[in-house]
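Dear colleague,

I am passing on the structure we spoke about, so that you can keep it open while you read. My notes on it come directly after.

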Amino acid sequence: MSMSSAQDPFYIVREEIQDSIDKLQSTFHGWEQTASNTGEYVHLTKELLTSCESIEWQVDELEKTITVASRDPAYYGLDEVELSRRRNWTGSARNQVGTVRRAVEKGKSNSATSKYQDTSRTNLYSAQDNDDFISSESDRQQLLMRQQDEELDELSASVQRIGGVGLTIHEELSGQERILNDLSLEMETTSNRLDFVQKRVAMVMKKAGIKGQIMLIAFLVVLFIILFVLVFLT
């Protein structure tokens with residue numbers, strides 16, 4: 001059984017994951033250009049780490065389907081070249097996400113140190129400056145929180161779609177396995193019945209002797225002629 005790329009669940013899930021990776025990298029580039037002492041930087045850091053975790057989970061699920069298919073590639077219409085291509089893609093996706101995660105975690109650590117130093121300097125500001133800064137940061141945080149909620153909703157919907165596709169793949173594999181088991185049992189039963197009939201015919205022929213065999217053959221010929229006339233000439 002083979003299917004086109006458009007119908008193959010692997011390529012459907014891969015496209016979802018690739019879209020998530022593209023969005024992750026776009027957000028990462030924005031994060032790199034954001035000052036580490038701002039609320040936006042903190043928001044983007046949390047968003048990137050959450051996205052990395054989600055994408056890594058999706059890649060893990062996709063790799064499980066590859067492992068299942070590798071047990072019997074011919075049954076799924078695959079070959080070693082296609083399996084290798086799929087493994088290479090998941091490996092590449094994992095490396096891209098890992099690169100972003102490590103950079104963000106390192107930046108988060110550096111930001112914590114920088115924030116401590118900035119806090120010491122901020123204590124020198126006047127009370128009025130502090131009030132203005134807090135008010136501005138509060139407005140920005142509220143805006144960023146609304147944006148984060150919307151993005152998390154989109155991410156949740158994407159995860160649900162991928163989970164549904166994974167469940168469909170599992171159900172299809174289970175159904176096909178049951179069909180194969182039933183077919184194997186039916187073939188075995190038919191083979192046993194055929195062996196029994198052959199043995200019975202041999203036993204009858206042996207007991208009948210030469211004369212009995214001739215009569216049996218003549219009877220079968222007459223029976224065949226009658227059936228032929230009934231089927232084709234009436």
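Below are the notes on the core and on two polar residues.

This is a predicted model, in which local features need pLDDT of at least 70, side-chain atom pairs count only at pLDDT 80 or more, and totals for chains, interfaces and linings use all residues. Residues are numbered from 1 along each chain as its sequence is written, and side-chain values use heavy atoms, with hydrogens and water left out.

The largest nonpolar core (buried Ala, Val, Leu, Ile, Met, Phe, Trp, Tyr and Cys residues joined through side-chain atoms within 4.5 Å) has 28 residues, and those touching the most other members are Ile17, Leu24, Trp31, Leu48, Ile55, Val100 and Val104. Two or more residues come from each of helices H1 (9–32), H2 (39–70), H3 (80–122) and H4 (127–232), helices being DSSP runs of H or I with at least four residues, numbered from the N terminus. H2 gives the largest share, ten residues. Beyond its neighbours within four places in sequence, Val100 is in contact (heavy atoms within 4.5 Å) with Leu24, Phe28, Leu48 and Cys52.

Thr34 sits in the loop between H1 and H2 and counts as buried at 15% relative accessibility, where buried means under 20% relative accessible area, exposed over 50%, and partly exposed in between, for a 1.4 Å probe and protein chains only. A polar atom of the Thr34 side chain lies 2.7 Å from the backbone oxygen of Gly30. Neighbours within four places in sequence aside, Thr34 is in contact with Glu40, Tyr41 and Leu44.

Arg85, in helix H3, is partly exposed, with a relative accessible area of 44%.

Best wishes

Conventions
Polar contact = N/O pair within 3.5 Å; in protein donor to acceptor, adjacent residues only side chain to side chain.
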